[in-house]
Amino acid sequence: MMTKSSFLIFLALTTVACGDKDAESGDTGANDDTSNLQGDDTGDNDDDNDDNDDDNDDGNDDTGDDDTGDDDTGDDDTGDDDNGDDDTGDDGSEDPQRPPTADAFQRLSIDARDAHTQTYDVDTSDWNAIDGDQGSTLFFEPSSFLHSDGTLADGDVQIELIEIFDKGSMLVNDMPSVGKQADGQHAQLISGGEHYIAASQDGEELRLNGTFQLTAPTELTGGPDTAMNFFRAEVEEGVPAGKDDQGVWVEEGLREDAFGIGDGGGTDGADTAYWVISDQFGWSNIDRWYSDPRPKTTIHVDVPDGWDDTNAAVYLSYDGEPTALARMDTYDDATGLFSEHYGMIPIGLEVHLIFVTESEGDWSYAVQGTTIVDGHLTTFDSPDDFIETTTDGLVTVINALP
């Protein structure tokens, strides 16, 4: 039997235990909401209700500044580090790519041509042989250069040379292998090597006096091909393309003794070269016409809003042909579709369509492989799919296509 004294002791112990349990509940609640440190502060406030003003001030200091406010939750934990500018704005996600200006996009190919330009100094009084980085050679006789007034240039002359033997370089230099036929229709070419050659002295562009010889190694484009011929780039009928111009290749009827294949004695085309005797500087191309007996169609390409033929381009890479690259040379403002106006793409042809534009001074691209169907349409849905890269990086990507 419990005595009165025992009952009073039991009642006191029960009261103490309940108080401790309340304090523990206060700590747990604070931990769930903020932190262990904040739980201790809240527990103190519960225990010292008689001094609300002082403890509440302390609670505001501890909870507001240290744990929940500017230091922990505002700036350090939630703001900059976890959800703010540092992690989500800059590091966690990127801003969507925006359409560039026309000038910014066009600058890419001009810069690529500058980067591909090799320069050599020659003495006009000597016989000169220039070996290009990729195996082309140029041969000049003495007194081969004229000023604009027709007088001979003497002393040192600077020669510029661009060599293009792959479709990656064709793309970044914006010199695809498409030719204009006699009836004005455009058709695909297979290239044996594109070149740009110019001469200058003290900043003055020089003209050629007589002829020079160009050779191009056949091994870089699949070996010797007797169907090859010689083409020049034109911006319009009879007007040659300059270094920075976008031109189309026009076949030039050379004499039999002005173009041919020289057998260097190597196997599989090694040491064998196409040679040409040229009477003018500028862009030239060793090509043959592409032939495919299958029915033809016109293809269309849809790109995201904001991109058009002023700030982007679409190219067509022929699978299995390392030097066959076309550019979609028409754009319809009403439909927003890129196309090619000649409608000569074989149905059933396996290709890769390449979208390119500019982003922050570099290339941005997307590639889709497909098989051509009648009335073909390929869609590049979103700039989120675009990949940014350098000029060298894009050349590598394109040359890795089948």
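Which strand does β19 (residues 312-318) pair with, in which sense, and over how many bridges? Select residues 350-359 as well: that is β24, and the two strands run antiparallel, joined over 7 bridges. Strands count as paired here if DSSP finds at least two bridges between them. The strand and helix names are DSSP runs numbered from the N terminus, with helices (H or I) of at least four residues and strands (E) of at least two.

Before going on, some ground rules. This is a predicted model, where local features need pLDDT of at least 70 and side-chain atom pairs count only at pLDDT 80 or more, while totals for chains, interfaces and linings use all residues. Residues are numbered from 1 along each chain as its sequence is written, and side-chain values use heavy atoms, with hydrogens and water left out.

**Stop 1: the sheet**

Now show the whole open sheet: 5 strands in the order β20-β19-β24-β25-β27, with antiparallel pairing. At its edges sit β20 and β27 (387-389), each pairing on one side only. From one strand to the next, the twist averages 30°. Zoom in on Leu-316 and you'll find Leu-353 of β24 standing opposite.

**Stop 2: helices on the sheet**

Add α6, which packs on the sheet and touches β19, β24 and β25 (362-371). Its direction makes about 115° with that of β24 (axes are lines fitted to C-alpha atoms, for helices over the stretch in contact, and angles run from 0 to 180 degrees between N-to-C directions). Then add α8 (residues 391-399), another helix packed on the sheet, in touch with β24, β25 and β27 and at about 10° to the direction of β25.

Back to α6: select residues 102-116, a 15-residue helix reaching 22 Å from first C-alpha to last, close to the 21 Å expected at 1.5 Å a residue (the expected span is 1.5 Å times one less than the number of residues). Its buried residues include Phe-105, Leu-108, Ile-110 and Ala-112. Buried means under 20% relative accessible area, exposed over 50%, and partly exposed in between, using a 1.4 Å probe and protein chains only.

**Stop 3: Ile-299**

Go to Ile-299, in the loop between β17 (296-297) and β18 (300-302). With a relative accessible area of 0%, Ile-299 is buried. Leaving aside neighbours within four places in sequence, its contacts include Leu-316, Met-328, Leu-353 and Ile-372 (contact means heavy atoms within 4.5 Å). Try a distance label to Met-328: the two C-alpha atoms are 8.9 Å apart, for residues separated by 29 places along the chain.

**Stop 4: salt bridges**

The whole structure has 9 salt bridges, each a side-chain nitrogen of Lys or Arg within 4 Å of a carboxyl oxygen of Asp or Glu. Select Arg-327 and Asp-174, whose side chains meet at 2.8 Å, N to O. This pair links distant parts of the chain, 153 residues apart: Arg-327 is in β20, and Asp-174 is in the loop between α7 (167-172) and β6 (178-180). Are they buried or exposed? Arg-327 counts as buried because its relative accessibility is 15%, and Asp-174 is buried too, at 8%.

Next, pick Arg-288 and Asp-225, another salt bridge, at 2.7 Å from N to O. Arg-288 lies in β16 (residues 282-289) and Asp-225 in the loop between β10 (212-217) and β11, so this bridge ties together parts 63 residues apart in sequence. Arg-288 is partly exposed, at 22%.

Finish with Asp-114, Glu-160 and Lys-243, which are linked in a network of salt bridges.
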